[in-house]
Amino acid sequence: MYTRNKNFIFTMVVIAIAIGNAGSTLYLPALVTIAHKLNTTNSLVKISLACYLLTFGLSQLLYGPMSDAWGRKKVLISGLGIFLLGSIIASLATNISLLLCGRLIEGAGIGAANAVGYALIRDIYSGNELTRKLSYVSIFVGITPIIAPLCGGYLVGYFNWQACFITLSILAFGLILMQLYKLPETNQNLNKKAINPDIIIKNYYTALTNLNYLSYILAVSVGFAAILCLNSVLPFIMIKNLGVSPSHYGWLTLCTGTGYLSGSFVGGVVAVKFGAKLTIKIGAIIQIAASVLGLVVAFFFYDIQAVLLPLIIVLFGVGFIVPIGAGGAMAIFPQMAGSAAALLGTMMFGISSIFTSLVAHLPTETQKPLFIFLLFLGALAWFIVSFIGAKKNV
C-alpha cells in the first residue's frame, strides 16, 4: 500500500523526530543570555532542559498505546499541536516560571513524534529494511541535539533568544499542515483495547522483563544522557568562561557532532561483524578512555582545544551506543511496536532529564566535573550491557 510513497512518509517522520530533538538543544547558545534577561540563576535555566526532557519522556507512555488504538496520524498531529502551543508560550516568557511552563508543555506534545514515529516506521518497513531505517533514525536522534545549537547560535546572534522558540513554532506549524494533507494512516490494525490500562501495563511489563530489551534501552538512555548533559553544561564553559560567541559556539558543537556521526557509521560496521552487545561495550570503553583523557588534560589546560578534543572522542564512543542499541531494542517486539517505541523514548528522555537535573548543579569554572560525570556514564553503560545484557530471560 505504501510502496510508492513510504520514503516520503519516512521523511515526514524523521522531520518530526528531528524537531523534537532540536527542541532540546536549539536554545542552548542562549542559556547565558536567558539567565541575564529573565534575571534568574544559571541552575534554573539549565533545569528548563530537564523539564522538557521529563515530559518528553513520560508522555510517550501514553502516545504509543494511543496510536495503537486510535491511529498514528491523529495522535502525531495532536502532539505537534501541543508542542506548538508550548513553543509559543516559551517565546513569550517574561520570567523563568513561564519559560519552564512552556518547556513542560513542549515536551508533553513532542513526545508523540518519538513514540508514534518509531511505530509508524515499523508499520511500513520490515526485515533488514526496517533495521536500516531505524538505524538512520537513531543517528538523527543523536546528531540533531548536537548540531541544533549551530542554528541556535546564529538565531541568538542575529535576533534574540526568543527566535529559537519562534523557529520551532514555525517548523511545527508547517509540519502539521503537511501531515494533515499528505500523511496516510499507516496503522491498519487498530486495537481499541490497546489503550486499556491493563493491556498497557501488561505490554510494558512484558518489555521490561525481557532482559535483552532492557539492557538495550538502558544503554541507549545512558548514552543519550551523555549527549544532553554535555550540551547543557558546554555553553557555560565555552560562552561564559572561555568567551566564545553564541554563533561560534554553534560551530564548535558541529565539531562534536562530527565525532558522534563518525562513531555511528563505524559502530554500524562493527555491529555487523561483532554483534550489537560487543559494539556497545566498545563504545562505552571509548567514552571512558576519552573522559579520563579529558580529565587528565584538565589539570594542565583550560581552553577550547583542551575541552573540545576529548569531547569529540567521547561522542565518537557514544555513536557506538545510541543507534545500535535503539535498533536492537526495536527489533525485539514487532507485535507491539507502539508500546516498545514508547518505552524506549520514555527511558531515553526520562533518564536524561534526571541526569541533566544533576549536571545542572555542577560547577563550570573548570571542565573537570563534566569529564568526571561523562566517565561515570560511560562506566554505567558498560556495566549495563556486561551484566544485565549478559543474562538470559527465563
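**View 1. Helix H9, from end to end.** With 31 residues (211-241), helix H9 should span 45 Å at 1.5 Å a residue, and its end C-alpha atoms are 43 Å apart, so the two values agree. That expected span is 1.5 Å times one less than the number of residues. Helices here are DSSP runs (H or I, at least four residues; strands are E, at least two), numbered from the N terminus. A word on the model itself: it is predicted, so local features need pLDDT of at least 70 and side-chain atom pairs count only at pLDDT 80 or more, while totals for chains, interfaces and linings use all residues. Residues are numbered from 1 along each chain as its sequence is written, and side-chain values use heavy atoms, with hydrogens and water left out.

**View 2. The kink and the ends of H9.** Where does H9 kink? Look at Val-233, shortly before the proline Pro-235: the kink there is about 35 degrees. The bend at a residue is the angle between axes fitted to the seven residues ending there and the seven starting there. At the N-terminal end, Asn-210 acts as a cap, with a side-chain oxygen 3.1 Å from the backbone nitrogen of Asn-212. That is a polar contact (a pair of N or O atoms within 3.5 Å; within protein, one must be able to donate a hydrogen and the other to accept it, and residues adjacent in sequence count only if both atoms are side-chain atoms). After H9 comes Gly-243, with a positive phi near 75 degrees. H9 is mostly covered, with 27 of its 31 residues buried. Buried means under 20% relative accessible area, exposed means over 50%, and partly exposed is in between (1.4 Å probe, protein chains only).

**View 3. Helix H12, another bent helix.** H12 runs through residues 304-330, and its 27 residues should span 39 Å at 1.5 Å a residue; the end C-alpha atoms are 38 Å apart, which agrees. At Val-318, H12 bends by about 30 degrees. Its N-terminal cap is Asp-303, which places a side-chain oxygen 3.3 Å from the backbone nitrogen of Gln-305. Most of H12 is covered: 21 of its 27 residues are buried.

**View 4. A salt bridge inside helix H5.** How many salt bridges does the structure hold? Just one. Its partners are Glu-106 and Arg-103, whose closest N and O atoms are 2.8 Å apart. To count as a salt bridge, a side-chain nitrogen of Lys or Arg must be within 4 Å of a carboxyl oxygen of Asp or Glu. Why are the two about one helical turn apart? Because they sit three residues apart in helix H5 (residues 96-124). An α-helix has 3.6 residues a turn, so residues three or four places apart point the same way. Glu-106 has 0% relative accessibility, so it counts as buried. Arg-103 is buried too, at 0%.

**View 5. A nonpolar patch on the surface.** Val-292, Val-296, Phe-299, Phe-300 and Phe-301 make up this patch, with about 550 Å² of accessible area together. Patch members have over 30% relative accessible area and no salt bridge; like charges are joined within 9 Å, and nonpolar side chains (Val, Leu, Ile, Met, Phe, Trp, Tyr) within 5 Å. The areas come from the Shrake-Rupley method with a 1.4 Å probe, and for residues only the protein chains shown count as cover. One member, Phe-299, lies in the loop between helix H11 (276-298) and H12. Its relative accessible area is 55%, so Phe-299 is exposed.

**View 6. Asn-39 in its loop.** Asn-39 lies between helix H2 (31-37) and helix H3 (42-70), in the loop that joins them. Is Asn-39 buried or exposed? It is exposed, with a relative accessible area of 71%. Its phi is near 55 degrees, a positive value in a residue other than glycine.

**View 7. Ile-121 and Ala-326.** Here is a pair with their places 205 residues apart in the sequence: Ile-121 and Ala-326 are 13 Å apart in space, C-alpha to C-alpha. Ile-121 is found in helix H5, and its 0% relative accessibility means that Ile-121 counts as buried.
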